[in-house]
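Notebook open, model on screen. I'm jotting down what I look up as I go.

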Amino acid sequence: MERYFLVLIVCLGLAFQSSKSTEIDSVYIYNTYSKIARQIIQKAMADSLSWEKLAYVCDTYGPRLTGSKSLNDAIFWAEKEMKKDGFENVHLEEVMVPNWKRGEEYCEMVYPRNKVFKISSLGHSVGTNGKLIEAPVLVVKDFDELAKRSKEVKGKIVVYNAPWVSYGHNVQYRFHGASEAAKYGAVASLLRSVSPIGFDMLHTGVMGYQDSIPKIPTASITLEDAELLQRLQNRGITPKLKLKMTCETMPDTISYNLMGEIRGSEKPREIVALGGHSDSWDYGEGAQDDASGFISTWEALNIIRSLGLKPRRTMRNVIWVNEESGTRGGIAYAEKHKNEPHFLVFEFDSGVFEPLGIGFTGDEKYLTILKGITPLVKEIAPDFSIKKGGGGVDIGPMMRLGISGMSLSTKGNDEYFWYHHSPADTPDKVNPEDLNKCIAIIAIATYIYADLPDFISTK
Ligand SMILES: [Zn+2]
């Protein structure tokens with residue numbers, strides 16, 4: 001009986017200990033940061049000034065294509081504003097970026113009837129060498145169909161009419177479609193815009209060539225025109241298109257990463273870097289992609305600063321350049337700052353909608369600690385959770401060096417891709433209240449991480 005009791009007490013003790021040790025982390029987070037989290041939420045939700053700032057940059061500078069004057073002007077404006085805000089160590093770092101110019105573009109179906117198509121040359125595509133290409137069309141749903149019909153490809157314009165599955169799936173036709181078609185002798189390739197919906201909208205984006213394969217011009221067309229070509233082909237008709245594109249790649253040019261800081265109170269050398277990207281495509285104004293990302297992280301730090309909060313580590317807002325067509329900003333940042341101890345890199349580049357959760361890639365023990373954030377943000381994000389797996393294109397180079405990565409996910413899902421890389425990516429698509437919620441969550445999550453005491457952060 002006594003032995004039984006002893007075993008029971010030991011077992012209960014162990015159970016209590018193990019639940020206590022996991023609870024200590026979340027209880028610690030709750031006790032230490034609940035008041036601060038409430039202050040951050042109140043401040044973030046108080047007005048729509050962050051949305052005004054987003055709309056200002058979009059309306060004033062317009063599209064911010066890599067290599068354009070409007071992009072650099074927007075970056076110079078942000079540098080001045082960051083200094084006015086009172087950030088420390090605000091500065092630009094030069095980055096050589098690709099300089100692709102769209103030029104003119106023209107596409108017309110000339111058989112079986114005449115119809116002028118809207119087209120969008122894809123970033124980094126070659127043009128048609130000043131010529132008007134006239135060629136028959138082969139429509140395919142995917143690379144498998146292209147391979148099966150490879151003997152029919154020579155001398156044709158291949159049109160990829162891939163039904164929407166997901167951005168990650170469909171974007172392969174945009175990026176690799178030209179070289180895959182050129183392998184079999186195509187003279188150009190077109191693709192149905194990468195988006196779940198049509199509405200006669202073009203969605204542009206970057207493409208890439210394989211070195212050993214001839215470079216052919218490539219562009220996106222609307223879902224409606226891709227489906228028209230598909231229906232004609234299904235009836236045994238081979239449509240013919242005329243195509244002219246004058247896009248070209250100029251020598252690399254200068255642009256900038258921008259950063260500003262709140263210096264750490266105890267460990268100023270250790271950095272928590274958070275940001276989004278300044279560049280956009282040349283359609284629309286890049287309001288969601290990614291003014292929403294760089295404004296959110298910037299405003300998150302502004303709230304922390306204006307509340308007089310002093311994180312243990314330095315928090316650095318980085319506005320990376322050239323995410324859309326080369327990641328030169330992210331690569332240059334990693335190269336220049338790889339010897340500074342980074343505790344975390346955070347990126348927001350998935351569109352402002354109701355916040356859904358934080359994704360984290362790094363040591364499991366931090367994942368457990370971060371779970372303590374969930375109750376702190378319940379009032380603005382009832383479905384919020386912390387999940388394994390966070391990242392982003394700009395922070396990729398730092399994460400590949402072994403730095404922990406974090407990102408915010410939202411409930412946008414497919415809706416983000418209604419506007420993505422299209423003329424409809426304008427400030428009206430960003431809901432001011434959702435923007436404030438995203439800012440509050442970014443501020444809370446990154447501040448807590450930057451402020452974690454040593455006993456938790458020692459490796
Ligand atoms: Zn983006």
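How far apart do the C-alpha centres of domain 1 and domain 2 lie? I get 35 Å. Before going on, a note to self: this is a predicted model, where local features need pLDDT of at least 70, side-chain atom pairs count only at pLDDT 80 or more, and totals for chains, interfaces and linings use all residues. Residues are numbered from 1 along each chain as its sequence is written.

**Entry 1: the two domains**

I looked up the bounds, which come from an automatic or database domain assignment. Domain 1 is 35-100 + 251-457, and domain 2 is 103-246. Then I checked where they touch: 12 residues of domain 1 are in contact with 12 residues of domain 2. Contact here asks for C-beta atoms, placed from the backbone, within 7 Å of each other. The domain 1 side of that meeting has 6 nonpolar, 4 polar and 2 charged residues. For those classes, Ala, Val, Leu, Ile, Met, Phe, Trp, Tyr, Cys and Pro count as nonpolar, Asp, Glu, Lys and Arg as charged, and the others, Gly among them, as polar.

**Entry 2: the sheet with S1 in it**

Terms before I start: helices (H or I, at least four residues) and strands (E, at least two) are DSSP runs, numbered from the N terminus. Two strands pair if DSSP finds at least two bridges between them.

I traced an open sheet of 8 strands in the order S1-S10-S12-S11-S13-S16-S14-S15, with mixed pairing. Strand S1 (88-101) and strand S15 (385-388) each have a single partner strand, so one side of each is left without a neighbour in the sheet. The twist averages 25° from one strand to the next. Angles run from 0 to 180 degrees between N-to-C directions, and axes are lines fitted to C-alpha atoms, for helices over the stretch in contact.

Next I followed some pairs. S1 and strand S10 (residues 248-262) run antiparallel, joined by 11 bridges. Glu93 has Asn257 in S10 as its bridge partner. Farther along, S11 and S13 run parallel with 5 bridges, and Ile271 stands opposite His342 in S13. S13 is also joined to strand S16 (residues 405-410) by 3 bridges, again parallel.

Is strand S13 (residues 342-347) mostly covered or mostly open? Mostly covered: 6 of its 6 residues are buried. Buried means 20 or more other C-beta atoms within 10 Å of the residue's own, exposed means 12 or fewer, and partly exposed is in between, with C-beta atoms placed from the backbone.

I liked Ile358, which stands opposite Leu408 in S16 and also opposite Ile386 in S15. Strand S14 (residues 355-361) pairs with S16 in the antiparallel sense over 6 bridges, but with S15 in the parallel sense over 4 bridges.

Two helices lie across this sheet. Helix H3 (residues 69-85) crosses S1, S10 and strand S12 (313-320), at about 10° to S10. Helix H7 (residues 287-306) crosses S10, strand S11 (267-277) and S12, at about 145° to S11.

**Entry 3: the other sheet, and H6**

I found another open sheet of 8 strands, in the order S3-S2-S9-S5-S6-S7-S8-S4, with mixed pairing. S3 and strand S4 (119-121) stand at its edges, so one side of each has no neighbour in the sheet. Within it, S5 and strand S9 (residues 240-245) run antiparallel with 4 bridges, and Glu134 stands opposite Lys242 in S9.

H6 lies across S3, S5, S6, S7 and S8, at about 80° to S5. In H6, I noted Leu223, Asp225, Ala226 and Leu229 as buried. I also checked the length of helix H6 (residues 223-234): at 1.5 Å a residue (times one less than the number of residues), its 12 residues should span 16 Å, and the end C-alpha atoms are 16 Å apart, which agrees.

**Entry 4: odd backbone spots**

Most residues other than glycine have a negative phi, and most peptide bonds are trans. I went looking for exceptions.

- The Tyr111 to Pro112 peptide bond is cis, with omega near 5°. Pro112 sits in the loop between strand S2 (105-111) and S3.
- The Asp289 to Asp290 bond is cis too, with omega near 5°, and Asp290 is in helix H7.
- Asn129 has a positive phi of about 60° and counts as exposed, with 11 C-beta neighbours inside 10 Å.
- Asn322 has a positive phi of about 65° but counts as buried, with 26 C-beta neighbours inside 10 Å.
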